[in-house]
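Trainee: I'd like to learn how to read an interface and a pocket from coordinates. Can you walk me through an example?

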2 protein chains.
Amino acid sequence: MEAASVTARQQTERLRYVPLDELRRMRALDGDPIARAHAFADACRINILYMIMRAGSGHIGTSFSSIDIVAWLHLEVLGPGDVYYSSKGHDAPALYSALIGTERLPFEKLHGLRRLGGLPGHPDIAATPEVNTNTGSLGMGISKAKGFARAARLRGERRRVWVLTGDGELQEGQFWESLPQAANEGFGEITAIVDHNKIQSDTWVEEVSDHGDLEAKLRAFGWEVGRCDGNDVRALSTAVTELEARAGDHRPKILVADTVKGAGVSFMEPRELARSGTALYPFHSGAPSAEQYARALAEIEARLGERLERLGAAPARLEPEQVPPRAAPRNPQRLVAAYGEALAEEAEREERIVALDADLYLDTGLIPFRERFPERFVECGIAEMDMVSQAGTLALSGVLPVVHSFACFLTPRANEQIYNNATEHTKVIYAGSLAGLVPGGPGHSHQSVRDIALMGSLPGAALIEPATDDEARAAVRWAVREAAGPVYIRLVSVPWELPFELEPVAELEPGRGRLVHEGAEAFFVTTGPVMLSQAWLAAERLASEGREVGVVSLPWLRAVDGEWLGEVTRGARLVTVDNHYLEGGQGDAVLAAAAPRGQPVTRLGVDRVPVSGTNDEVLRAHRLDAESLAGRIDE
Amino acid sequence: MEAASVTARQQTERLRYVPLDELRRMRALDGDPIARAHAFADACRINILYMIMRAGSGHIGTSFSSIDIVAWLHLEVLGPGDVYYSSKGHDAPALYSALIGTERLPFEKLHGLRRLGGLPGHPDIAATPEVNTNTGSLGMGISKAKGFARAARLRGERRRVWVLTGDGELQEGQFWESLPQAANEGFGEITAIVDHNKIQSDTWVEEVSDHGDLEAKLRAFGWEVGRCDGNDVRALSTAVTELEARAGDHRPKILVADTVKGAGVSFMEPRELARSGTALYPFHSGAPSAEQYARALAEIEARLGERLERLGAAPARLEPEQVPPRAAPRNPQRLVAAYGEALAEEAEREERIVALDADLYLDTGLIPFRERFPERFVECGIAEMDMVSQAGTLALSGVLPVVHSFACFLTPRANEQIYNNATEHTKVIYAGSLAGLVPGGPGHSHQSVRDIALMGSLPGAALIEPATDDEARAAVRWAVREAAGPVYIRLVSVPWELPFELEPVAELEPGRGRLVHEGAEAFFVTTGPVMLSQAWLAAERLASEGREVGVVSLPWLRAVDGEWLGEVTRGARLVTVDNHYLEGGQGDAVLAAAAPRGQPVTRLGVDRVPVSGTNDEVLRAHRLDAESLAGRIDE
């Protein structure tokens with residue numbers, strides 16, 4: 001839901017947050033530490049809401065389900081040298097609010113969620129040295145815990161490590177892969193807490209891929225297991241104490257904390273959410289509307305007031321902040337939606353199509369398909385490797401599997417499985433959305449800028465990145481009707497406005513694209529809507545300086561028809577603009593296609609780990625915005 | 001142990017196998033099907049031994065532990081339409097012997113294990129349509145089973161799927177990732193059998209990464225679990241019947257079959273193998289010696305005779321076959337050994353070094369390190385993702401982790417984890433052995449020809465592929481002492497003889513290599529010993545035709561000093577030779593470095609899924625042997 005959310009809060013104007021002096025006052029209150037932690041957690045909820053509203057996106061449901069745990073750990077539990085992090089990472093607003101509230105992070109960072117120089121959408125140690133490790137790719141938490149604890153052991157020390165995990169996250173194989181060694185080596189330093197809010201990205205965990213008896217599983221893996229209400233700090237505190245006593249020093253511990261997604265705001269809790277498998281939980285990510293914001297804030301503020309009153313303290317004073325509305329794109333390309341509609345259409349005539357999903361069926365455009373062909377829709381949960389290997393034998397059995405996830409997870413996480421399928425010379429279609437640098441908010445765990453390299457060496461595969469809705473539809477048709485082997489369809493998710501009109505295309509011609517802007521001395525060569533629009537704007541800017549620079553949009557990755565490209569650009573210098581790392585990106589392919597004809601190529605692209613920020617900030621920081629491109633034309 | 005094994009059987013001369021008419025006779029014997037299956041399994045053992053001796057390599061321990069199961073399934077259990085495959089794949093000789101013995105595969109294939117046009121080292125449907133899916137990458141078996149069963153369900157049918165897994169294999173996260181959906185969707189069609197022989201690649205499973213209570217784990221995941229002696233066909237048969245009765249139609253079943261690695265040959269069974277964590281089981285892969293062969297054959301033949309006698313039948317007649325001895329390289333480069341020694345040396349002075357292994361510590365050169373620094377050696381089991389993420393936080397904590405596995409598993413399987421580490425800007429050294437096309441025996445699951453592409457887009461990383469032992473040592477020193485960020489060291493494992501003398505090098509200069517053969521009109525540019533030797537021989541061959549073609553050996557992947565290369569080759573045409581797919585290989589990098597100077601580049605490399613065969617056969621089939629290279633110089 002990253003992509004769809006960035007424009008959701010245009011109406012918002014006036015936000016409120018709990019200022020630092022008020023947070024200090026709450027932390028200093030005498031009385032029951034449990035009650036104090038609950039009050040502090042609600043103050044954090046107000047600030048989480050503020051951060052996400054201001055950013056226009058963020059994961060509110062999981063931030064609210066986990067904040068009681070996170071607040072309590074940061075107030076009462078974590079000692080010097082202790083390590084805490086969330087394995088899932090998308091509850092970063094909860095972490096940030098607790099770090100800010102306990103003055104481990106400068107307060108002004110509160111205003112910078114998902115902004116350049118502020119707080120990245122997922123924790124990143126380069127941007128925020130106060131966090132302990134980069135998270136956002138699921139399932140790595142326990143492995144990372146062992147590394148922290150082991151490093152201390154090597155120094156002859158014992159370091160406590162606290163890891164928060166999601167519950168949907170436990171569908172990832174790496175989680176289970178990481179458990180046995182911790183038990184075998186007696187990593188009693190590790191305490192994992194499962195934020196068991198029962199809802200993953202799309203809907204109920206039990207509808208997506210039920211865990212069954214989770215406690216029995218964890219116990220069978222040799223961990224000491226506890227269970228408690230994770231939104232009740234007293235229950236939590238007691239459960240941890242008991243768990244530690246039972247486990248002793250040499251047994252890793254895991255606490256299944258039953259929480260409520262969106263906890264603390266009645267209408268964000270999934271009280272009415274149907275257990276149908278198709279009902280979507282609406283507050284997984286994205287910012288609430290202005291009206292929802294006002295209602296949520298009022299509810300939390302009232303409860304916080306009551307909590308403070310019970311502690312003998314005055315109500316919290318909130319600081320107002322005026323935030324200018326953000327402009328939404330007017331007539332954007334919505335590639336994922338177009339893709340999803342086209343897939344459903346193709347499925348009408350091609351009965352062999354089966355769609356597989358890894359808990360992102362909203363974000364990968366699968367709603368139309370699932371509605372029309374529920375029996376041909378396979379929900380795999382957050383289990384990309386499993387999904388891909390399963391697709392392999394479906395293909396061997398005469399099915400045409402179409403596999404979906406975000407590009408940043410599908411292509412690296414299931415890479416060996418994708419290759420194994422390719423060695424069987426079957427046809428599997430892989431659709432990777434959320435490709436490229438933008439949206440810039442979520443940060444580098446979600447910015448897929450390696451997928452061309454990861455899929456480029458797949459033997460016999462075709463790689464397509466459409467720039468427009470009709471190209472996305474044509475890509476689906478080509479993949480279903482024409483392709484002989486595997487196809488990777490790379491999709492930018494964020495709705496993106498093109499600053500010019502383009503003729504609709506009915507079909508794609510392998511290796512070829514379109515001349516979008518006339519030129520003479522040089523031509524930008526782009527794939528996808530983001531770089532196409534930036535290159536076009538750069539060409540216009542250069543034209544105003546009297547320079548004739550054109551733009552070619554080329555939806556075929558790697559397989560470039562060099563002859564066609566040479567003709568259409570009349571042998572002029574080419575400047576490739578990769579929405580991807582330079583290494584292994586489309587620039588390499590254009591160079592290889594152009595070199596035999598002696599056509600010079602300059603390659604531009606991402607040359608360092610992507611920053612997190614607004615889309616404009618990110619493009620500018622990587623010198624891939626129109627202005628930068630215009631300036632780099634002579635590089 | 002793939003690499004070390006290919007030269008092990010030079011002494012062998014006279015082999016014996018059970019011919020087809022004898023196999024038919026045994027299958028047709030009246031009497032107890034259980035006794036018949038045991039006899040047939042022993043006949044298969046003789047043929048497994050023959051195939052592996054003839055090939056000079058193959059996994060004998062697991063073929064023997066599983067053959068009773070495999071034989072019984074193929075004789076008595078599998079019905080029309082049933083699917084069987086082994087998830088681990090390296091027990092392929094057992095599968096082939098059973099397929100041949102039941103005439104599902106042509107008998108003459110018996111003579112072609114690991115030969116071009118014969119039977120690949122791991123099952124491959126392109127080479128052997130009689131097998132059901134490509135295996136050899138671990139942990140994919142249950143996922144694949146769901147695909148087979150689901151495809152049938154989509155057709156309104158019910159298809160039984162039998163999967164054999166290893167026990168070491170269960171350390172892979174994908175196995176656990178694949179279990180819940182099968183339980184949730186009631187895949188009663190699936191029966192998994194764990195060949196629980198207690199020993200993985202290096203040694204005892206319980207020493208490498210103990211499973212604890214395996215049955216409890218599997219049960220907790222919602223599968224119906226059985227257990228039996230897997231080398232006792234009667235016990236096996238009973239256990240499956242009982243398991244099926246308990247499970248009913250809608251519950252997936254898994255049978256933990258307690259087997260003995262090397263079962264059926266007393267000295268191949270690990271009766272004396274110490275449970276020390278460092279004692280290596282010697283019959284995991286590779287061919288036995290001639291003396292061992294003779295002893296093993298005598299033992300099996302005698303037992304088979306007794307079994308047949310009890311069935312009232314005559315002893316088996318074995319067919320002799322004379323096999324010419326294979327030449328071993330005389331003075332080969334042994335990069336992995338050189339690497340391992342250099343790592344241990346560096347660890348003497350650099351105390352931060354910690355080595356991590358994924359059950360390949362013999363094959364990744366780690367014996368010297370482990371012997372000298374047992375406390376700095378971390379055995380992770382077959383858990384590459386877990387190993388890499390753990391290395392990440394070790395690095396964050398001031399350790400210098402050096403991560404080991406085969407290149408074909410490390411770089412695709414843990415790709416997202418490697419990237420996550422890179423985004424933390426820490427230094428982790430990744431050593432991937434078994435890189436490239438050869439050894440050609442194991443087949444494409446083990447021929448790593450995508451790793452440059454998979455590691456090439458890693459921001460801030462250096463990639464090095466040494467061609468000689470001293471370059472391997474220099475690569476380690478550079479990685480430990482000089483590198484600022486992550487390093488990938490790509491190592492050819494097979495001992496490889498260079499047909500010329502090279503001055504030893506003390507250190508590597510980033511981006512640069514060596515002029516190994518003078519030239520004028522063109523220069524081959526290679527990395528690693530295999531392509532270097534082929535290019536050098538091609539240059540000599542061309543010289544005899546009066547053509548002046550040189551050779552440059554360049555150990556730096558991706559980061560090529562184009563100016564240096566242009567000088568040393570005086571701007572002549574470059575012909576890159578990639579021990580890797582063309583796409584995303586070193587050719588792309590050389591092209592990018594040479595293009596700005598207008599130096600023409602022809603790129604040669606692997607252009608289709610690698611074939612399995614002897615090293616010579618494989619190089620020739622891919623037109624990357626010396627003769628082919630000489631002929632392709634003008635491409």
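**Reading the interface, pockets and backbone**

Mentor: Let's start with the contact: chain B and chain A bury about 7100 Å² between them, 55% of it on carbon and sulfur atoms. Buried area here is the accessible area (1.4 Å probe) that two parts lose on being put together, summed over both. In chain B, E177(B), E416(B) and R450(B) lose the most area to chain A, together 10% of what that side buries. Keep in mind that this is a predicted model, where local features need pLDDT of at least 70 and side-chain atom pairs pLDDT 80 or more, while totals for chains, interfaces and linings use all residues. As for conventions, residues are numbered from 1 along each chain as its sequence is written, chains are lettered from A and ligands numbered from 1 in the order in which they are written, and side-chain values use heavy atoms, with hydrogens and water left out.

Trainee: How many residues does the contact take from chain B and from chain A?

Mentor: With contact meaning heavy atoms within 4.5 Å, chain B gives 86 residues and chain A gives 85 residues.

Trainee: And how do I read charge pairs there?

Mentor: Side chains of opposite charge can pair when their charged atoms come close. The rule for a salt bridge asks for a side-chain nitrogen of Lys or Arg within 4 Å of a carboxyl oxygen of Asp or Glu. Across the interface of chain B and chain A it finds ten salt bridges. R558(A) and E583(B) meet in a salt bridge through their side chains, at 2.9 Å, N to O. On the chain B side that touches chain A, the residues divide into 35 nonpolar, 26 polar and 25 charged. For those classes, Ala, Val, Leu, Ile, Met, Phe, Trp, Tyr, Cys and Pro count as nonpolar, Asp, Glu, Lys and Arg as charged, and the others, Gly among them, as polar.

Trainee: How many salt bridges are there over all chains?

Mentor: The count comes to 108 over all chains. Take R275(A) and E206(A), whose side chains meet at 3.0 Å, N to O. R275(A) lies in the loop between β6 (253-258) and α11 (290-310) of chain A and E206(A) in helix α8 (residues 205-209) of chain A, so the pair ties together parts that are 69 residues apart in sequence. Helices (H or I, at least four residues) and strands (E, at least two) are DSSP runs, numbered from the N terminus.

Trainee: What about pockets?

Mentor: Rolling a probe the size of a water molecule over the atoms shows where empty space is left. On a 1 Å grid over the protein atoms alone, where a 1.4 Å probe fits, a pocket is an open set of points with protein on both sides within 12 Å along at least five of seven lines; lining residues have an atom within 4 Å of a point. Grid points are joined across faces, edges and corners, and a volume is the space filled by probe spheres set on the points. The largest pocket has a volume of about 920 Å³. It has 35 lining residues, and R326(B), A327(B), T614(B), N615(B) and D616(B) are the closest to its centre.

Trainee: Which helix gives the most to that lining?

Mentor: α22(B), with four residues. The second largest pocket holds about 750 Å³ of space, and there α22(A) gives the most to the lining, with five residues.

Trainee: Anything odd in the backbone?

Mentor: A cis peptide bond joins V438(A) and P439(A), with omega about 10°. Another cis peptide bond joins V438(B) and P439(B), with omega about 5°.
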